[in-house]
Amino acid sequence: MLIKNISLFHGPELDYVQNTSVRISGKHIGQIGTKLLPLKGETVLDGEGLLMMPGLINSHTHIGDSIAKDIGIDSNVEEKIHPVSGFKQKILKNSDKSHLTSFIRNSCISMIKKGITSFIDFREGGIEGINLLKNATLGISIRPVILGRIEYYQNSSSIKNNISIPQSHKLDLQNLLVHCDGVGISGPNEFSDLALQYFAKTKNIRAIHSAETEESNKISKKISGKTETQRALIAKPNFLVHMTYASQKDLVMATKNKTSIVVCPRANGSLAEGVPDVDLMLDAGCNVAIGTDNVMINSPDMFREMDYLWKVSMGIKKKRLLPKDILKMATTNASNLLGGKVGIVQNDKIADCIFIEKHSIDLEPMHNPHASVVQRASENTIKAVMYEGKLVHGKI
């Protein structure tokens with residue numbers, strides 16, 4: 001397939017190219033250039049008036065709670081989503097599996113229509129929970145990256161006494177990791193140093209919630225004398241989630257450990273827990289990505305997430321952020337979490353792409369394409385979505 005006369009956000013820096021041609025070869029982007037000619041028998045599409053950009057990567061979701069939208073809207077974090085006592089867990093345990101599957105599936109379809117081609121999910125419920133998500137996404141053109149979890153948590157006494165994970169649960173974890181892409185750890189306040197060290201030995205992706213609330217940071221210091229981030233890094237995670245109350249020292253440690261950060265600003269805001277300091281994170285050299293977090297709290301909409309993060313960050317800090325930096329968090333920065341093969345429009349990368357209608361009533365005229373996408377684009381401005389080289393939503 002050859003797409004001619006297309007505008008483009010190209011490469012890891014999302015450089016704006018006004019007019020070029022892009023060849024799609026199977027699942028990959030084959031060639032990019034102004035002088036490409038059609039091959040014999042090749043499908044040729046005219047991209048006039050369209051902006052081709054990487055498919056969005058939703059770097060943190062809890063899609064399993066799609067059945068519980070806006071329940072307990074005025075409840076605090078612990079009451080809502082604590083991994084043991086939160087009413088979310090009670091809802092999931094008491095809901096019919098077919099109903100859970102149906103609502104998860106709906107959320108996936110919603111994400112595709114909003115230009116999300118990959119999402120990274122913290123999947124509760126052990127192997128059963130993993131299989132539930134796999135079944136829900138069957139036949140849907142979206143890439144779920146599943147970080148599983150064993151239903152085992154330690155109390156403050158076990159943490160203070162540095163009790164390791166029991167052998168039976170170590171075996172459970174080893175078995176679980178055969179079925180998913182990595183481990184999504186609830187947080188350092190649920191595990192001892194020895195337990196976190198065991199997580200660090202696991203292969204594939206490791207991720208952990210950290211410094212989401214002021215209270216969780218206080219609990220960590222009370223139990224261990226260390227910040228949540230200091231303890232979270234014991235697990236050698238590929239990325240830390242939230243970091244809303246991370247200090248500059250915490251952020252520098254994350255950078256030194258080559259650990260990325262995934263922020264979830266709308267979730268933090270809706271839970272009245274503040275706003276992550278992305279400006280400080282960028283100054284510390286952190287690789288920052290964005291996620292929409294629990295579907296029970298937020299719609300899985302990365303356009304709304306980018307717009308919110310950009311404006312509220314500048315409103316609070318009274319310091320300008322580049323819209324391109326925000327857009328990179330939803331695409332090329334997030335690509336680093338997944339091995340660099342998706343989230344970038346470049347030769348040999350997987351062809352997951354969005355085609356934005358530049359002449360949409362909300363976008364035209366596009367004087368600053370990066371700003372236009374970050375603050376003005378929406379599901380309504382998407383002309384088509386491509387997944388692994390095939391148009392799966394809309395048409396060109």
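Hi everyone. Let's start with helix H16: the elements that cover its buried residues include strand S1 (2-10), strand S2 (15-25), strand S5 (50-54), H13 and helix H14 (323-329). Please keep in mind that this is a predicted model. Because 6 of the 8 residues of H16 are buried, the helix is largely enclosed by the rest of the structure. Those buried residues are Pro 369, His 370, Ala 371, Ser 372, Val 373 and Val 374.

Now for one of those covering elements, H13. How do the axes of H13 and H16 cross? H13 spans residues 302-317 and H16 spans residues 369-376; their axes come within 7 Å and cross at roughly 105°. That makes H13 roughly perpendicular to H16. On the H13 side, the contact is made by Phe 303, Met 306, Asp 307, Trp 310 and Lys 311. H16 brings Ala 371, Val 373, Val 374 and Gln 375 to the contact. Sorted by class, this contact of H13 with H16 has 6 nonpolar, 1 polar and 2 charged residues.

Before leaving this region, a backbone detail for those of you who set up simulations. Pro 365 sits in the loop between strand S15 (353-357) and H16. The peptide bond leading into Pro 365 from Glu 364 is cis, with omega near 0°.

On to the sheet. In what order do the strands of the open sheet run? There are 9 strands, and the order is S13-S12-S11-S10-S9-S8-S7-S6-S14, with parallel pairing. At the edges stand strand S13 (288-290) and S14, each with a single partner strand, so one side of each has no neighbour in the sheet.

Let's look at S10, residues 205-210. This strand is mostly covered, with 6 of its 6 residues buried. Ile 205, Ala 207 and His 209 point one way from S10, while Arg 206, Ile 208 and Ser 210 point the other way, and all are buried. So which strand pairs with S10 over 4 bridges? That is strand S9 (residues 182-185), and the two pair in the parallel sense. If you want a spot to click on, Val 183 stands opposite Arg 206 in S10. S9 also runs parallel to strand S8 (residues 143-148), and 2 bridges join them. For that pair, look at Leu 147, whose bridge partner in S9 is Gly 182.

Back to the edge for a moment, because Asn 294 deserves a look. Strand S14 covers residues 293-294, and Asn 294 lies in it. Is Asn 294 buried or exposed? Its relative accessibility is 2%, so Asn 294 counts as buried. The Asn 294 side chain also makes a polar contact with the side chain of Asp 65, at 2.7 Å.

Two residues have a positive phi without being glycine, and I'd like to show you both. His 242 has phi near 90° and is found in strand S11 (residues 239-242). With a relative accessible area of 1%, His 242 is buried. The other is Lys 258, with phi of about 55°. Lys 258 lies in the loop between helix H10 (248-256) and strand S12 (260-263), and at 76% relative accessibility it counts as exposed.

I have a couple of helix residues left to show you. Lys 134 lies in helix H4 (residues 126-137) and is partly exposed, with a relative accessible area of 35%. Which residues does Lys 134 touch, leaving aside its neighbours within four places in sequence? They are Ile 146 and His 179. The Lys 134 side chain reaches the backbone oxygen of His 179 at 2.6 Å. For a sense of scale, Lys 134 and Ser 7 are 127 residues apart in sequence, and their C-alpha atoms are 35 Å apart in space.

And finally, Asn 217, which lies in helix H8 (residues 214-224). At 9% relative accessibility, Asn 217 counts as buried. Setting aside neighbours within four places in sequence, Asn 217 is in contact with Ala 211, Thr 227, Glu 228 and Tyr 245.

That's my tour. Thanks for listening, and I'm happy to bring any of these spots back up on the screen.

Note on methods
Residues are numbered from 1 along each chain as its sequence is written. This is a predicted model: local features need pLDDT of at least 70, side-chain atom pairs count only at pLDDT 80 or more; totals for chains, interfaces and linings use all residues. Side-chain values use heavy atoms; hydrogens and water are left out. Buried means under 20% relative accessible area, exposed over 50%, partly exposed in between (1.4 Å probe, protein chains only). A polar contact is a pair of N or O atoms within 3.5 Å; within protein, one must be able to donate a hydrogen and the other to accept it, and residues adjacent in sequence count only if both atoms are side-chain atoms. Axes are lines fitted to C-alpha atoms, for helices over the stretch in contact, and angles run from 0 to 180 degrees between N-to-C directions. Angles under 35 degrees count as roughly parallel, over 145 as roughly antiparallel, 65 to 115 as roughly perpendicular and the rest as oblique. Contact means heavy atoms within 4.5 Å. Ala, Val, Leu, Ile, Met, Phe, Trp, Tyr, Cys and Pro count as nonpolar, Asp, Glu, Lys and Arg as charged, and the others, Gly among them, as polar. Two strands pair if DSSP finds at least two bridges between them.
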